[in-house]
Amino acid sequence: MIFYLTFKQNGNVIYTTTIATSSSKGEYNEKIELNDLTPGIYDVYVKGFQTITKKYSNVNIQNGENIFNFTPNNISGDITEAGTSTLTLGNDFINTSDIGVILGNYGSLIPFFRADLDQNNLVNTSDIGIILGNYSKEGDQ
């Protein structure tokens, strides 16, 4: 799964980069290269193809290696979104479009597809439950 990291200061986008997770649960165990980012305090926004945006406030970026742990929020079930395509980031709002994607693919054996929210390689009631349990949530701005 690919995640986009956006670094903002005073509401202005300073830097954006992507990371690919090492598992379908959002785990990332590699160093993130931030050579183009000046050390300082940032708000960091994390957005994936199957997630709404999650904001982390006041993250201290230092010279050298920086270690982030976004995993607990990526697997909590409260940021999952279906979306209509593997090529878009969705609308950052869990709504009827997400339900439609899941119902339209119900019973499909499609690994890593947007409708397979629990990443068990099957679109089923578990995926419907995730969407309904989070209906009308939207990403952090």
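Let me start with Ile61, which in this predicted model is in contact, once its neighbours within four places in sequence are set aside, with Phe7, Leu34, Leu37, Pro39, Gly40, Tyr42, Asn66 and Phe68. Several of those names return when we turn to the largest nonpolar core, which has 15 residues, and in which Leu5, Phe7, Leu34, Leu37, Val44, Ile61 and Phe68 touch the most other members. As for where this core draws its residues from, strand E1 (2-9), strand E2 (12-20), strand E3 (40-48) and strand E4 (54-61) each supply at least two of them. There is also a second, separate core, made up of nine residues, and it includes Ile102, Leu117, Val123 and Ile131.

Now to a charged residue, Asp43, which is found in strand E3. Is Asp43 buried or exposed? At 18% relative accessibility, Asp43 counts as buried, because the cut-off for that term is under 20%. Leaving aside the neighbours within four places in sequence, Asp43 is in contact with Thr6, Phe7, Lys8, Lys55, Tyr56, Ser57 and Asn58, and for one of these, Asn58, the side chain of Asp43 reaches the backbone nitrogen at 3.1 Å.

Another of those contacts deserves its own moment: a search of the whole structure finds one salt bridge, and in a salt bridge the side chains of Lys55 and Asp43 meet, with an N to O distance of 3.8 Å. Lys55 lies in strand E4 and Asp43 in strand E3, so the pair ties together parts that are twelve residues apart in sequence. Lys55, for its part, is partly exposed, with a relative accessible area of 27%, whereas Asp43 is buried.

Notes
Residues numbered from 1 in each chain as written. Predicted model: local features only at pLDDT ≥ 70, side-chain atom pairs only at ≥ 80, totals over all residues. Heavy atoms only, no water. Core = buried A, V, L, I, M, F, W, Y, C linked by side-chain atoms within 4.5 Å. Buried < 20%, exposed > 50% of the residue type's maximum accessible area, 1.4 Å probe, protein only. Helix = DSSP H or I, 4+ residues; strand = E, 2+ residues; numbered from the N terminus. Contact = heavy atoms within 4.5 Å. Polar contact = N/O pair within 3.5 Å; in protein donor to acceptor, adjacent residues only side chain to side chain. Salt bridge = Lys/Arg side-chain N within 4 Å of Asp/Glu carboxyl O.
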